[in-house]
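User: Please take a close look at the metal site in this structure. I am new to it, so explain each term as you go.

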Amino acid sequence: MSPAVNKKPHPKAPKPLLRLEVRDLSEEGARAFLSHIDCGTVLEETVNSVHNLLYSSNSQIPGTRSVTLILRSMPGVAYTTGKDIDDDHKEIHFSTDYISGIAKERKKEEMMGVLTHEMVHCWQWNSLNTAPGGLIEGIADWVRLRAGLVPPHWKREMDGDWDAGYQHTGYFLDYLESRFGHGTVMAVNERLREGKYDEEKFWKGLFGCTVKQLWKDYGRSLGKRSEAEQGTLDGWVEGPESKQDSGSV
Ligand SMILES: [Zn+2]
């Protein structure tokens, strides 16, 4: 079961200006967004969920001043960018072509998932733009995961590197959150607030060991997890998405 996500305003968060721009109301994807999503509240609630999942009550939140969601025809899914003249003003570009291609029964949840992922990029720290892209994308998908918006194709994987990004890294971060306790990913994000990224110092400072070691531990825990699927095994703490991704392809 997904825990209820706190959608109330974070006590320390700035209140950004939120805008919606629909480039062409005749597009099927634009109409689908407007008919499935409560546009009056969705941006504010998504901002609040991101703040509550990434920041404790005494942490410093980036001073983003505005977020504009732009629905428009374009290749791909979505991306987030800052304005050239002032990076505190963010734009989320979301493809109406992609929206129109989502299966009807998945449309609302998938749109909310993408929006949540992109909203993280408006508010996360990034070691002055030196953090690995895979870690930045992993944090965004970890928030999506914890918001209970996991698509059916996501799965935990132990192959490849820890920083392959997206859900691959998101599930690794979720393992760290389960192993080291609530607030672990908040601490990872907080450590990206100051200075340039130094992999050795970064992970040793947080966990006392290298990220390669943590990735190995994660792989072992996944091995135990698959054994546990045939029986019962203590020691694995289920993430909120366990029901939704089981048996997915
Ligand atoms: Zn992203």
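Analyst: The zinc site comes first, followed by one helix and the cysteines. This is a predicted model, in which local features need pLDDT of at least 70, side-chain atom pairs count only at pLDDT 80 or more, and totals for chains, interfaces and linings use all residues. Residues are numbered from 1 along each chain as its sequence is written, and side-chain values use heavy atoms, with hydrogens and water left out.

The zinc ion has His117 (NE2), His121 (NE2) and Glu137 (OE) as its protein donors, at 2.0 to 2.1 Å. Donors are N, O and S atoms within 2.8 Å of the metal (3.2 Å for Na, K and Ca); water is not among the atoms, so sites may look incomplete. Along the sequence, the spacing of the donor residues is H-x3-H-x15-E. His121 belongs to helix α4 (residues 107-121) and Glu137 to helix α5 (residues 133-146), so this pair, 16 residues apart, links distant parts of the chain. Helices here are DSSP runs (H or I, at least four residues), numbered from the N terminus. His121 is buried at 16% relative accessibility, and Glu137 is buried at 18%. Buried means under 20% relative accessible area (1.4 Å probe, protein chains only).

Elsewhere, helix α9 (residues 211-228) has buried residues including Leu214, Trp215 and Tyr218. Among the elements covering its buried residues are α6 (166-180) and α8 (199-207), where contact means heavy atoms within 4.5 Å.

The model has zero disulfides, a disulfide being a pair of cysteine sulfur atoms within 2.5 Å. The sulfur of Cys122 is 16 Å from the closest cysteine sulfur, in Cys39, and is therefore too far for a bond. Cys122 is buried, at 2% relative accessibility.

Methods
Buried < 20%, exposed > 50% of the residue type's maximum accessible area, 1.4 Å probe, protein only. Helix = DSSP H or I, 4+ residues; strand = E, 2+ residues; numbered from the N terminus.
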